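Here are my notes on the charged pairs, for when you have the model open. Have a look and see whether you read them as I do.

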Amino acid sequence: MFPSDVASFLDLIRQHGDVAYSFLAVYSMANSLLLALFSGYAAQAGALSYEYAVAACWVGTFSGDVIRFWVGRRFGTRWLGRFPRLQRAVDGAARLADRHHIWMILIHRYPRIIRNVAGFAYGASTLGWPRFLILNFIAAGLWASAAVSIGYGFGFVSDKTMNDTLQIFGIVMLVAFLALTWFLTRRLERVIERKPAD
């Protein structure tokens, strides 16, 4: 039966740690910020190891972008012909990556609008494999460490401000925190969308 409260869910994660780390790594290939934040919360609660959670997110997000880079390098953007809007987004990001690839690689995991197309764009750009791998490895580590640490910090604060009789309050705080994170990334996406194209 699926757990009905946070404590039971954390116990389930604790019992199946290897599966949880594998799932976290695979899911992080999509640069999912919310799951990385929750893994930090789970690490603070003792359900996961902080170091392993960071490592799983790091490996996952790094691998996902390497795969997308390879697809972009191997096939360019021609295979996106049936999705003209997506093709325009990748083509525009590729032109931007030619000039600003360092900053793009460092921040592309945060705004959802470019999170998963950036890897294809890097492959379709003039950026070389060695430079991409080095920058992507660093950026993946920064993203994983930041996301898991923020979740861990939230868990620490919530743990200090509630007791066993406030389980519902804890759930509400977690949902509100994740919703706020989603809202802020959406605002960042709108800012990027409004930025005039060069």
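**Notes on the salt bridges**

1. Starting at the N-terminal end of the list: Arg14 pairs with Asp11 in a salt bridge, and their closest N and O atoms sit 2.4 Å apart. Keep in mind that this is a predicted model. In total, the structure has 3 salt bridges.

2. Where do Arg14 and Asp11 lie? Both belong to helix α1 (residues 6–15), with a spacing of 3 residues, or about one turn of the helix. Arg14 has 39% relative accessibility, so it counts as partly exposed. Asp11 is partly exposed as well, because its relative accessible area is 35% and the partly exposed class runs between 20% and 50%.

3. On to helix α4 (residues 50–75), which holds both Arg68 and Asp65, again 3 residues apart and about one turn of the helix. Arg68 makes a salt bridge with Asp65, and here the closest N and O atoms are 3.1 Å apart. Buried or exposed, this pair? Arg68 and Asp65 are both buried.

4. Asp65 has another partner: its side chain meets that of Arg109 in a salt bridge, at 3.0 Å from N to O. Asp65 is in helix α4, while Arg109 is in the loop between α5 (84–107) and α6 (112–115), so this pair ties together parts 44 residues apart in sequence. Asp65 and Arg109 are both buried.

5. Which residues end up in one network? Through salt bridges with shared partners, Asp65, Arg68 and Arg109 are joined into one.

How values were computed: Residues are numbered from 1 along each chain as its sequence is written. This is a predicted model: local features need pLDDT of at least 70, side-chain atom pairs count only at pLDDT 80 or more; totals for chains, interfaces and linings use all residues. Side-chain values use heavy atoms; hydrogens and water are left out. A salt bridge is a side-chain nitrogen of Lys or Arg within 4 Å of a carboxyl oxygen of Asp or Glu. Helices (H or I, at least four residues) and strands (E, at least two) are DSSP runs, numbered from the N terminus. Buried means under 20% relative accessible area, exposed over 50%, partly exposed in between (1.4 Å probe, protein chains only).
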